[in-house]
Amino acid sequence: MSTINPPKALLFDVFGTLVDWRTTVSNTLSTQAALALNSPSASVPTSVRLFASTISWPDFAQEWRETYKVFTSSQSSPSKSQKHAFKTVDQHHHDSLVRLLADHNLTGLWSADQLHAIAQIWHFLDPWVDASPALHDLSKSFILCTLSNGSVSLLRDLAAHADFPFSRTLSSEHFGAYKPSPLVYNGAAEHLGLRNEQCALVAAHLGDLKAARDCGYQTIYVERNDEEDWNPEEVMSAKREGWVDMWIGLEDQKMSLGGIAEVRGRFAVGNGYVGGRGWAGIADQLKA
């Protein structure tokens with residue numbers, strides 16, 4: 001990638017790359033469990049109370065996230081029959097939450113309405129501190145677009161919640177398959193009216209970037225704590241091979257906000273915008 005002749009569009013992975021799903025989901029589960037256990041009107045079974053008192057909600061959040069990875073991977077190359085029965089990430093988040101609660105003997109901790117609301121927390125993940133300000137600056141020079149396995153409604157809610165200035169919202173939902181299917185990367189470039197090489201994927205996951213690279217995309221790696229699925233040897237091999245066009249490691253972020261702000265800096269785009277807001281709407285719904 002040349003910063004003198006940069007891509008026309010920056011397409012962003014979202015979970016982990018732009019938003020801190022781990023903190024938001026863990027805190028929400030912990031808070032909502034406490035509310036349920038302390039509610040005078042909730043009839044939580046004694047056995048559920050016992051299991052809920054010992055559960056690690058950060059570990060539970062990680063398990064929930066892992067089910068998402070298995071789900072999207074299993075549907076990255078759907079058959080024609082599967083395409084007609086495309087299951088959204090929203091449906092998966094709800095169904096997998098129900099299954100995980102059963103696996104941990106926590107069925108009955110929340111009502112059906114509460115489960116639905118909690119599953120919607122993925123629509124209101126808090127952004128990394130560097131994301132919104134840098135995206136606002138980058139939007140002055142590039143087409144900014146999501147390219148995520150999240151549903152369209154989820155991505156639009158996240159953009160509104162986190163103050164992300166995307167000009168286009170593209171989801172795997174548009175293409176009937178999940179990343180890393182080539183259908184997603186090729187379809188996104190076509191949707192934007194660009195050649196694949198005019199697009200750059202920005203992601204915190206090398207597997208996503210490798211698939212995009214194989215489709216002709218330029219690639220920008222933004223390392224985030226605990227987000228990379230590849231082992232250290234695979235990561236070092238990828239860095240040595242040089243197929244990532246712009247590599248922003250954690251060590252590059254110590255002297256600045258890092259992350260997307262470092263992308264902004266390398267493209268020499270101006271700065272100064274500050275944005276972002278809370279998730280009061282979903283919190284109110286959970287209290288109802």
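Select helix 3 to begin, and show its neighbours with it: the buried residues of this helix pack against helix 1 (21-38), helix 2 (46-54), helix 5 (89-103) and helix 6 (112-119). Bear in mind throughout that what is on screen is a predicted model.

**Helix 3, along its length and around its axis**

Helix 3 covers residues 57-74, and at 1.5 Å a residue its 18 residues should span 26 Å, which agrees with the 26 Å that separates its end C-alpha atoms. Colour the buried side chains next, namely Trp57, Phe60, Ala61, Trp64, Arg65, Thr67, Tyr68, Phe71 and Thr72. If you then look down the axis of helix 3, these buried residues fall within an arc of 150 degrees, so they line one face of the helix. Turn the view to the face directed away from that buried side, and you will find the exposed residues Asp59 and Val70.

**Helix 1 against helix 3**

Keep helix 3 on display and add helix 1, whose axis comes within 8 Å of the axis of helix 3, the two crossing at roughly 125 degrees. Helix 1 and helix 3 are therefore oblique to each other, since an angle counts as oblique when it falls outside the ranges for roughly parallel (under 35 degrees), roughly antiparallel (over 145) and roughly perpendicular (65 to 115). The crossing of these two helices is right-handed. To see what makes the contact, select Trp21, Arg22, Val25, Ser26, Leu29, Ser30 and Ala33 on helix 1, together with Trp57, Pro58, Phe60, Ala61, Gln62, Trp64 and Arg65 on helix 3.

While helix 1 is still selected, pick out Gln32, which is found in this helix. Is Gln32 buried or exposed? With a relative accessible area of 9%, Gln32 is buried, because the cut-off for that class is under 20%. Adding Leu109 to the selection shows a pair that is 77 residues apart in sequence, with 9.5 Å between the two C-alpha atoms in space.

**His92 and its surroundings**

Move on to helix 5 and select His92, which lies in it. His92 counts as buried, at 2% relative accessibility. Which residues does His92 touch, not counting those up to four places away in sequence? They are Thr67, Tyr68, Phe71, Lys87 and Arg99, and Thr67, Tyr68 and Phe71 are among the buried residues of helix 3 that you coloured earlier. A further pair to mark is His92 with Thr72, where 20 residues of sequence separate two C-alpha atoms that are 9.4 Å apart in space.

**Helix 5, helix 6 and the loop between them**

With helix 5 in view, bring in helix 6: the axes of the two helices come within 9 Å and cross at roughly 120 degrees. Helix 5 and helix 6 are therefore oblique to each other, and their crossing is right-handed. The contact involves His93, His94, Leu97, Val98 and Leu101 from helix 5, and Leu115, His116, Ile118 and Ala119 from helix 6.

Between these two helices runs a loop, and in it lies Asn105. Check the backbone there, as Asn105 has a positive phi of about 60 degrees although it is not a glycine. Asn105 is partly exposed, with a relative accessible area of 42%.

**Helix 7**

Select residues 131-138 for helix 7, which is mostly covered, with 8 of its 8 residues buried. Its buried residues pack against strand 1 (9-12), strand 2 (143-148), helix 8 (152-162) and helix 12 (260-266).

**Two backbone details to inspect**

From helix 8, follow the chain into the loop that leads to strand 3, where Asp163 has its place. Asp163 also shows a positive phi of about 60 degrees without being a glycine, and with a relative accessible area of 23% it is partly exposed.

Then go to the loop between strand 3 (168-171) and helix 9 (182-192), which holds Pro180. The peptide bond that runs from Lys179 to Pro180 is cis, with omega near 15 degrees.

**Zooming out**

Finally, show the whole chain, which has 13 helices and 6 strands. Of its 288 residues, 52% count as buried. Among the contacts in the chain with a separation of 6 or more, 72% are accounted for by residues 24 or more positions apart.

Methods: Residues numbered from 1 in each chain as written. Predicted model: local features only at pLDDT ≥ 70, side-chain atom pairs only at ≥ 80, totals over all residues. Heavy atoms only, no water. Helix = DSSP H or I, 4+ residues; strand = E, 2+ residues; numbered from the N terminus. Expected span 1.5 Å × (residues − 1). Buried < 20%, exposed > 50% of the residue type's maximum accessible area, 1.4 Å probe, protein only. Arc of directions from axis to C-beta. Contact = heavy atoms within 4.5 Å. Axes fitted to C-alpha atoms, helices over the stretch in contact; angles between N-to-C directions. Left-handed = near helix turned anticlockwise from the far one by under 90°.
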